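Here is a short tour of the chain you have in front of you. We start with the whole molecule and then turn to its strands and helices.

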Amino acid sequence: MSRPIPDARAIAARMAATLETVMSKVLDAKGIRHTPKAISFAVRSSRGLLAWLLRAVSLELRSLHSHIAWWGRQYFVDTAEEEFVARHASIFGVKQRPATFAIGTVTITGDPDTALPAGLEMSSSEGLIFATTEEATIDASGSVTVSASAALAGTESNYETGIQFTAVDPWPEIDTITVETAFAGGADEMQPEELQAATIAHIRKPPQGGAGYDYYDWLDDVFAVKAVRVIPDVVGRGSVGVVVAMRNEDGSGRAPTDEERTAMLNHLGNPLTSEGVRPVTAYVSVHAAEITEVPITVRARPDTPVVRAAIQEAFERFINTLGSDDDDGNETPIGATIERSRLSEEISAANGEYAHDLIMPSESYTLGDYEFPVAGAITWAAEA
């Protein structure tokens, strides 16, 4: 049970009561005539000198209580403020992921046999700079596709396919530069609440040098991952398949691009090498999660727009908590089990819902090994 912190008025009243008792005993012992009313006036009245002193002291004591309580919150990572969360994280060696750079590919057209250097700078219409990451040569057909990276870290450089770039320096041999594979993976610096959650997870599950959950931590140090699932012996004995879903800016999940998967594999460590953070003997492959809509069919009572909206919100909340700390049955949303009873219970808690029939799914089921669930469309069944 937590100790309640009294307010300044309660502290002053407690001190006044103690002072009244002590003063009465002292005056009686010395034979000094007094009345309880006179003592009360001195220690409680707004015009009493001792009352002024008690009020000043009580305010300072209340401030000390608050300061001590604030320090008490900083001792625990789950209640600490931003500065002290970073301190806890540094003690346990949990890294705050820096802002990441978007990566993708561009198709460059121009004069055949034109050699293009790595680091060729390109600019978008918004003035953002990108650069190629490898040397290339425009082929006989007049085009070449080359990998590239944003020069500025963060979400601003996540560009869709088809956007046109221009070379920063004059390149008369180049006609067009077009985004071939969308630039993805640009993310802002890990937020304090994310660092807090990562530190708590580290404390609860310390690194084991290759346990399944270690792969999430290793990837989350560098990439904005949403979920990770590890599949042992995915392509044979001793192999480890790492299925990854990335986090969008709005917190939703998406499949990683081929360029992101390559970068993640380089970070973990390519097979048959001693590089990376994975155990040396582990044969690791990185796989893209399959974003899978989970549809349901519901008959709601009462069936009104307000109730439907509340059920939709409850359904999305249920899907978003799969594999979270609130879900004891699934370690990760990828390949999670959809428990029909839990889904029905979540719908029952929707605001305004009196009763419902969950028609589909008719029973609990488990997603595929690579499937990452998102809330699909709700089919509303008519009254029977």
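## Burial and surface

Of the 384 residues of the protein chain, 38% are buried (under 20% relative accessible area, with a 1.4 Å probe and protein chains only as cover). This is a predicted model, in which local features need pLDDT of at least 70 and side-chain atom pairs pLDDT 80 or more, while totals for chains, interfaces and linings use all residues. Residues are numbered from 1 along each chain as its sequence is written, and side-chain values use heavy atoms, without hydrogens and water.

The accessible surface of the protein chain is about 21500 Å² (Shrake-Rupley method, 1.4 Å probe). Carbon and sulfur atoms hold 54% of that surface.

## Overall form

The protein chain contains 9 helices and 17 strands (DSSP runs, H or I of at least four residues and E of at least two, numbered from the N terminus). Its radius of gyration, taken over C-alpha atoms, is 32 Å, well over the 21 Å from the globule rule for 384 residues (2.2 Å times the number of residues to the power 0.38), so the chain is more spread out than a compact globule. The C-alpha trace spans about 115 × 65 × 45 Å along its principal axes.

## The barrel

Six strands form a closed barrel in the order S1-S6-S4-S3-S7-S8, with antiparallel pairing (at least two DSSP bridges between two strands). Neighbouring strands of this sheet are turned by 40° against each other on average, direction ignored (axes are lines fitted to C-alpha atoms).

Within the barrel, S3 (residues 121-123) and S4 (residues 129-132) are joined antiparallel over 3 bridges. Glutamate 121 has alanine 131 in S4 as its bridge partner.

Note on methods:
Axes are lines fitted to C-alpha atoms, for helices over the stretch in contact, and angles run from 0 to 180 degrees between N-to-C directions. Buried means under 20% relative accessible area, exposed over 50%, partly exposed in between (1.4 Å probe, protein chains only).
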